[in-house]
Amino acid sequence: MAAELPRIETEIVEVPKLNHLYGVRGCGETPIVAALAAVGNAVSRALDMRITELPMSSPKILGAPSEG
């Protein structure tokens, strides 16, 4: 449930990307990686299976073979 998720606080740090002409970065480049990895690990531990493709939809989870 969403109510069981920990509170996530973000901090915006503006650092220019040195190898880009204008020093810009894509919106949300860095923070998205950890969240998807955490969800993948939670699914893996809860259901004893590893889903390696996104999105982790219900049909993919229900049709995936067990690791055990």
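Hi everyone, this is a short walk through one predicted model, from the whole chain down to two of its residues.

Let's begin with the overall picture. The chain has 68 residues, and its secondary structure amounts to two helices and zero strands. How much of the chain counts as buried? The figure is 12% of the residues.

Now for contacts along the sequence. If we take the contacts with a separation of 6 or more, residues 24 or more positions apart account for 0% of them.

On to the surface. About 6,300 Å² of the chain is exposed, and 61% of that comes from carbon and sulfur atoms. There is also a nonpolar surface patch to look at, which covers about 400 Å². Which residues make this patch? They are Leu 21, Tyr 22 and Val 24.

Let's stay with Tyr 22 for a moment. You will find Tyr 22 in the segment before α1, the helix that spans 31–47. Is Tyr 22 buried or exposed? Tyr 22 has a relative accessibility of 67%, so it counts as exposed, since the cut-off for that is over 50%.

Please turn next to Ser 44, which sits within helix α1. Here the relative accessibility is 10%, and therefore Ser 44 counts as buried; the cut-off in this case is under 20%. What does Ser 44 touch, once residues up to four places away in sequence are set aside? Its partners are Met 49 and Arg 50.

So, to put the two side by side: Tyr 22 counts as exposed, while Ser 44 counts as buried. Thanks for listening!

Note on methods
Residues are numbered from 1 along each chain as its sequence is written. This is a predicted model: local features need pLDDT of at least 70, side-chain atom pairs count only at pLDDT 80 or more; totals for chains, interfaces and linings use all residues. Side-chain values use heavy atoms; hydrogens and water are left out. Helices (H or I, at least four residues) and strands (E, at least two) are DSSP runs, numbered from the N terminus. Buried means under 20% relative accessible area, exposed over 50%, partly exposed in between (1.4 Å probe, protein chains only). Contact means heavy atoms within 4.5 Å. Accessible areas come from the Shrake-Rupley method with a 1.4 Å probe; for residues, only the protein chains shown count as cover. Patches are made of residues with over 30% relative accessible area and no salt bridge: like charges are joined within 9 Å, nonpolar side chains (Val, Leu, Ile, Met, Phe, Trp, Tyr) within 5 Å. A salt bridge is a side-chain nitrogen of Lys or Arg within 4 Å of a carboxyl oxygen of Asp or Glu.
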